[in-house]
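Trainee: Could you take me through one strand and its pairings, and then out to the chains and domains around it? I would like one connected account.

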Amino acid sequence: MADPISLEVITATETAVKEEIHELYIPAYYGEAGILADHLPFISILKFGEISYRDVKGENHYLYIENGFMEVRDNRIIIISDLTIRGEDLDPGDIDFAMKEINKKINSASDGEITVTELEDAILEQKKLKAKSEIIKKVNIK
Amino acid sequence: MSGNLIDLRRRISTVKNTRKITKAMKTVSAVKLRKSVTEINRSKPILEKLEYLISQVGKSTEFRKSPLMKKREDGETIIVAISADKGLCGSFNSNLAKEAELYYQKVIEDGGNPSFITVGKKVNNYLTKKDLKIRKNFPDFMIKLKFADSKELTEYLKEIFLEEEIKEIKFVFTAFRSSSKQEIADRSLFPISLDFSGEEESEEVEYIFEPEPGEILDLLLPRFINSIVFHTMLESSASEHAARMIAMELATQNASEMIHNLTLTMNKLRQASITNELLEIITATEALTN
């Protein structure tokens, strides 16, 4: 087995994850990236979406993150993000509710009730919610 | 005589009530202090990591001068003074306000043009009375400090630095060294000064950047500033709780001492009145037998 990679996920108020892992999948700037042991030094901006990683025991974990940075170097990954939520902490009820609200808003666009920027924001929000519900599905399967 | 006794009893019970309150306030401050210290420790990693990342990205790129790093020869100097919103914390607020005022005078002496932005009601009250120039006050941030609040302050500071002719923005706050030691310090925010030349690394690391290093840096800097502001406010908040805890501890001790003295006086008075009554009775009986 390859050497373990140490992973740290940090937000402004806490260290959300500090673990030894084997592999990591992450929404990097130019699309999803996978990080395995002995990866080249790499710095990327992260958008929003799902981070998944397999820890040394072989268990899969899922996180939702928004806006951040990642540095990979010498089998060590540091992720700094504005928002990090563990998959287990996502509430399906809340997300369903928010999804309904946002769909209503997007549908109202055809009536010309909201501005273009509002619509763009709403669509972005919808994508984020979709990413969150995907994570919930995966956590439940696990 | 008996009137005096009743007065004393009343005073003792009043002081006892006050002692209960100061004791409770001390306990509350102790809990809040512990919470603040945990928050400081939790927010430290991001500050270190951001600084490290900025230095890594900064080294690997033709360092683009961000407008946030622009140095100006003249213009306004803004002093952000952070105090508490509430009193009863010893000399915490007054020390800070005085220091902020000294700082203001110093800028004037150096031929600068200072003005204040205040966080917390207490320092605002003091500086308003002194009739110094205050651009804006942010009250009620320190009662329950949240990251969103510090972000609001950061955004405001960033905006004025970018849009107006401002030489520098500096914090004057109470730095938290330990529970028993806090001291007033200043911390420069804008223009951001970063020194990459200092740390020579033995091996140069060739990173893959996604996207361009310059673009990454433009996103890193605002977060770095946010973290500095939040950390500074956290420190001030922890210092406030520590100061209040000590002030309340002293108040409790004083109250205990006062109760002790008052009780002593009361006992003496009571004894005196008993002796007096006894004397009267004895004199009366003697007069009767005679």
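Mentor: Strand β4 (residues 42-55) of chain A runs parallel to strand β6 (residues 208-210) of chain B, and 3 bridges join them. Strands here are DSSP runs of E of at least two residues, and helices are runs of H or I of at least four, both numbered from the N terminus; two strands pair if DSSP finds at least two bridges between them. At this parallel pairing, Ser44(A) stands opposite Glu210(B) in β6(B).

Please keep in mind that this is a predicted model, where local features need pLDDT of at least 70 and side-chain atom pairs count only at pLDDT 80 or more, while totals for chains, interfaces and linings use all residues. Residues are numbered from 1 along each chain as its sequence is written, with chains lettered from A and ligands numbered from 1 in the order in which they are written.

Within chain A, β4(A) has further partners. It runs antiparallel to strand β5 (residues 60-73) of chain A, with 12 bridges between the two. One pair in this ladder is Tyr53(A) with His61(A) in β5(A). β4(A) and β5(A) form a hairpin with 4 residues between them, and Gly58(A) in the turn has a positive phi of about 90 degrees. Strand β2 (residues 15-28) of chain A is also antiparallel to β4(A), joined to it by 4 bridges; there, Tyr25(A) has Ser52(A) of β4(A) as its bridge partner.

How confident is the predictor about chain A? The mean pLDDT (the predictor's confidence in each residue, from 0 to 100) of chain A is 87, and 99% of its residues reach 70 or more. Among the elements of chain A, strand β1 (residues 5-10) has the highest mean, 91, and helix α2 (residues 116-141) the lowest, 85.

Now step back to the meeting of the two chains. Counting two residues as in contact if their C-beta atoms, placed from the backbone, lie within 7 Å, 24 residues of chain B are in contact with 20 residues of chain A. On the chain B side, α1 (2-59), β6 and α5 each give two or more residues, and α1(B) gives the most, with 10. That side divides into 15 nonpolar, 4 polar and 5 charged residues. Here Ala, Val, Leu, Ile, Met, Phe, Trp, Tyr, Cys and Pro count as nonpolar, Asp, Glu, Lys and Arg as charged, and the others, Gly among them, as polar.

The largest nonpolar core has 82 residues, and those touching the most other members are Leu24(A), Ile77(A), Ile79(B), Val80(B), Ala81(B), Ala100(B) and Leu220(B). Its largest share, 17 residues, comes from helix α5 (residues 213-289) of chain B. Such a core is a set of buried Ala, Val, Leu, Ile, Met, Phe, Trp, Tyr and Cys residues joined through C-beta atoms within 7 Å, where buried means that 20 or more other C-beta atoms, placed from the backbone, lie within 10 Å of a residue's own. Leaving aside neighbours within four places in sequence, Ile77(A) is in contact with Ile5(A), Leu7(A), Leu24(A), Ile35(A), Met70(A) and Val72(A).

Last, the domains of chain B, with bounds from an automatic or database domain assignment: domain 1 covers 2-25 + 249-284, and domain 2 covers 28-195 + 206-246. Their C-alpha centres lie 50 Å apart, and 4 residues of domain 1 are in contact with 4 residues of domain 2.

Methods: A residue is buried if 20 or more other C-beta atoms lie within 10 Å of its own, exposed if 12 or fewer, and partly exposed in between; C-beta atoms are placed from the backbone.
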